[in-house]
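Grab your viewer and get ready to poke around. Here is a set of exercises, each with a solution worked out step by step.

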Amino acid sequence: MVVLSEPVVHTDLASFQSCESSSDIFTEVPVVDMSDAINAKKLIVEACRELGFFKVINHGISPGLVAMLESDAVNFFALPQQEKDRSGPPSPFGYGNTRIGPNGDTGWVEYLLLSTRPDLMLHIPYFPGISETFWVVVGEYVSAVAKMLKGVLEMISEELGIGPRGCLSGLVENEKSDSYFRLNHYRPCPNLQALSGRNLIGFGEHTDPQIMSVLRSCNAPGLEICLQNGSWVSVPSDQTSFYFSVGDSLQVMTNGRFKSVKHRVVTNCLKSRMSMIYFGGPPLNKKIVPLCSLMEEGEESLYEEFTWSEYKKSAYNSNLGDDRLKLFEKIK
Ligand SMILES: C=C1C[C@]23C[C@@]1(O)CC[C@H]2[C@@]12CC[C@H](O)[C@@](C)(C(=O)O1)[C@H]2[C@@H]3C(=O)O
Ligand SMILES: O=C(O)CCC(=O)C(=O)O
Ligand SMILES: [Fe+2]
């Protein structure tokens with residue numbers, strides 16, 4: 001279990017968004033058992049169409065590797081604030097505290113955002129208090145999770161009968177793949193809960209711009225997803241599994257058959273929470289267009305053509321909760 005003993009920071013809590021702590025626990029997250037490949041394929045595609053979200057078990061990723069990474073992250077986040085600040089502010093990579101992105105979004109979260117591109121991975125100017133093996137552990141974790149994501153994308157292609165082989169999975173295996181890795185730490189906030197009975201928003205509602213994201217969190221709740229009927233539900237925590245979510249790029253590549261899932265994190269007032277997320281993104285110059293082999297005769301793309309680099313640029317000009325795909329929808 002993660003124990004972070006840093007005292008609650010005395011910030012002006014009124015400047016953070018809060019919400020009632022009453023979301024229903026969602027007991028129907030689709031569970032994909034990777035040891036049952038035939039059913040897994042079907043379940044993944046069904047989940048991507050209906051929810052844009054599912055949980056993977058029997059994934060084969062070493063719990064020891066996850067524990068090592070978590071322990072390094074715990075040590076980093078437990079450093080004095082001044083020390084951590086020397087690894088930030090993020091631009092976009094590095095250490096960030098309560099500010100998310102470049103356009104004024106805030107959340108009750110501190111984080112480390114890293115690129116997984118070999119040429120960018122170590123480009124954080126100053127990184128104190130982290131074990132010498134941190135980059136090795138991050139590298140191993142990211143390769144393991146990227147491999148798992150590649151497997152899931154191959155299963156999607158097979159189930160949808162789309163080709164050529166690697167048309168989806170190849171995008172995240174290429175060393176030019178513009179994937180990110182993020183460690184988030186949500187501090188507890190007991191004084192707010194006691195005063196108002198409300199919870200702070202740790203990470204405001206948004207969709208992820210990439211192809212798919214793979215999330216693992218410690219055993220503390222907080223992640224919520226938005227169902228297609230617009231209601232928010234709380235995802236039960238499970239530190240041994242991985243949660244996959246469809247990103248905007250996969251929504252476009254499937255011409256809207258899969259929906260990117262809106263999600264947010266509501267802080268748990270008494271317990272700290274840590275999450276590690278791999279955002280599988282394509283190479284910068286990749287055109288994000290519907291896969292030809294998926295399109296029916298006469299079907300037209302719902303979106304204007306754009307490259308991943310163009311979409312990312314536009315995303316970084318947006319606020320967290322904006323509907324980023326809207327700008328690229330074809331006017332009907
Ligand atoms: C407010 C922002 C943070 C973000 C870039 C953006 O301008 C809009 C998208 C945000 C997001 C959400 C998913 C990932 O956490 C993230 C790394 C990404 O690729 O898009 C973040 C961006 C960020 O924190 O830099
Ligand atoms: O920390 C989490 O559980 C989710 C955070 C998230 O959605 C993100 O970093 O994009
Ligand atoms: Fe996200």
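The exercises below go through the two ligand sites, the salt bridges, one loop threonine and the cysteines of this predicted model.

**Exercise 1. Work out which residues and strands surround ligand 2, and how much of its area the protein buries.**

Step 1: Start with the shell. Ligand 2 has 14 residues around it, and the closest are Tyr 186, His 206, His 263, Arg 273 and Ser 275.

Step 2: Sort the shell by class. You should get seven nonpolar, four polar and three charged residues.

Step 3: Look for side chains that reach ligand oxygens. Ser 275 puts a polar side-chain atom 2.6 Å from an oxygen atom of ligand 2. For Arg 273 the distance from a polar side-chain atom to a ligand 2 oxygen is 3.0 Å, and for Asn 184 it is 3.2 Å.

Step 4: Now the area. On its own, ligand 2 exposes 290 Å², and the protein buries 98% of that.

Step 5: Map the shell onto the strands. At least two shell residues come from each of S7 (180-186), S8 (198-206), S13 (263-266) and S14 (273-280). S14 gives the most, with four residues.

**Exercise 2. Do the same for ligand 1: which residues come nearest, and which elements give two or more residues to its shell?**

Step 1: Count the neighbours. There are 18 residues around ligand 1, with Arg 182, Gln 210, Ala 315, Tyr 316 and Ser 318 coming nearest.

Step 2: Split them by class: 10 are nonpolar, four polar and four charged.

Step 3: Check the polar pairs. Gln 210 has a polar side-chain atom 2.8 Å from an oxygen atom of ligand 1, while a side-chain N or O atom of Arg 182 is 2.9 Å from a ligand 1 oxygen. With Ser 318, look at the backbone instead: one of its backbone N or O atoms lies 3.2 Å from an oxygen atom of ligand 1.

Step 4: Taken alone, ligand 1 exposes 470 Å², of which the protein buries 97%.

Step 5: Find the elements. Strand S6 (105-115), S7 and S8 each give two or more residues to this shell.

**Exercise 3. Find the salt bridges, then ask which parts of the chain Arg 257 and Glu 299 link.**

Step 1: Search the whole structure; you should find 15 salt bridges.

Step 2: Pick out Arg 257 and Glu 299, whose closest N and O atoms are 2.7 Å apart. This pair links distant parts of the chain, 42 residues apart: Arg 257 sits in the loop between helix H7 (248-253) and S13, and Glu 299 in the loop between strand S15 (287-288) and strand S16 (306-307). Glu 299 is partly exposed, at 26% relative accessibility.

Step 3: Go on to Lys 287 and Glu 305, where the closest N and O atoms are 3.4 Å apart. Lys 287 is in S15 and Glu 305 in the loop between S15 and S16, so this salt bridge ties together parts 18 residues apart in sequence. Lys 287 is partly exposed at 45%, whereas Glu 305 is exposed at 53%.

Step 4: Try Arg 86 and Glu 83, with closest N and O atoms 3.3 Å apart. Arg 86 has a relative accessible area of 47%, so it counts as partly exposed. Glu 83 is partly exposed too, at 24%.

Step 5: Finish with a network: salt bridges link Lys 41, Glu 154, Glu 158 and Arg 165.

**Exercise 4. Is Thr 207 buried or exposed?**

Step 1: Locate Thr 207 in the loop between S8 and strand S9 (212-217).

Step 2: Check its relative accessible area, which is 14%. The cut-off for buried is under 20%, so Thr 207 is buried.

Step 3: Look for a partner. The side chains of Thr 207 and Asp 248 are joined by a polar contact of 2.9 Å.

**Exercise 5. Why does Cys 292 have no bond to Cys 167?**

Step 1: Recall the chemistry. A disulfide is a covalent bond between the sulfur atoms of two cysteines.

Step 2: Find the cysteine sulfur closest to that of Cys 292. That sulfur belongs to Cys 167 and is 9.7 Å away, too far for a bond.

Step 3: Zoom out to the whole structure, which holds zero disulfides.

Step 4: Compare surroundings. Cys 292 is exposed, at 71% relative accessibility, whereas Cys 218 is buried, at 4%.

Note on methods:
Residues numbered from 1 in each chain as written. Chains lettered and ligands numbered in written order. Predicted model: local features only at pLDDT ≥ 70, side-chain atom pairs only at ≥ 80, totals over all residues. Heavy atoms only, no water. Near = heavy atom within 4 Å. Polar contact = N/O pair within 3.5 Å; in protein donor to acceptor, adjacent residues only side chain to side chain. Areas by Shrake-Rupley, 256 points an atom, 1.4 Å probe, with all protein chains shown as cover. Nonpolar A, V, L, I, M, F, W, Y, C, P; charged D, E, K, R; others polar. Disulfide = S-S within 2.5 Å. Buried < 20%, exposed > 50% of the residue type's maximum accessible area, 1.4 Å probe, protein only. Salt bridge = Lys/Arg side-chain N within 4 Å of Asp/Glu carboxyl O.
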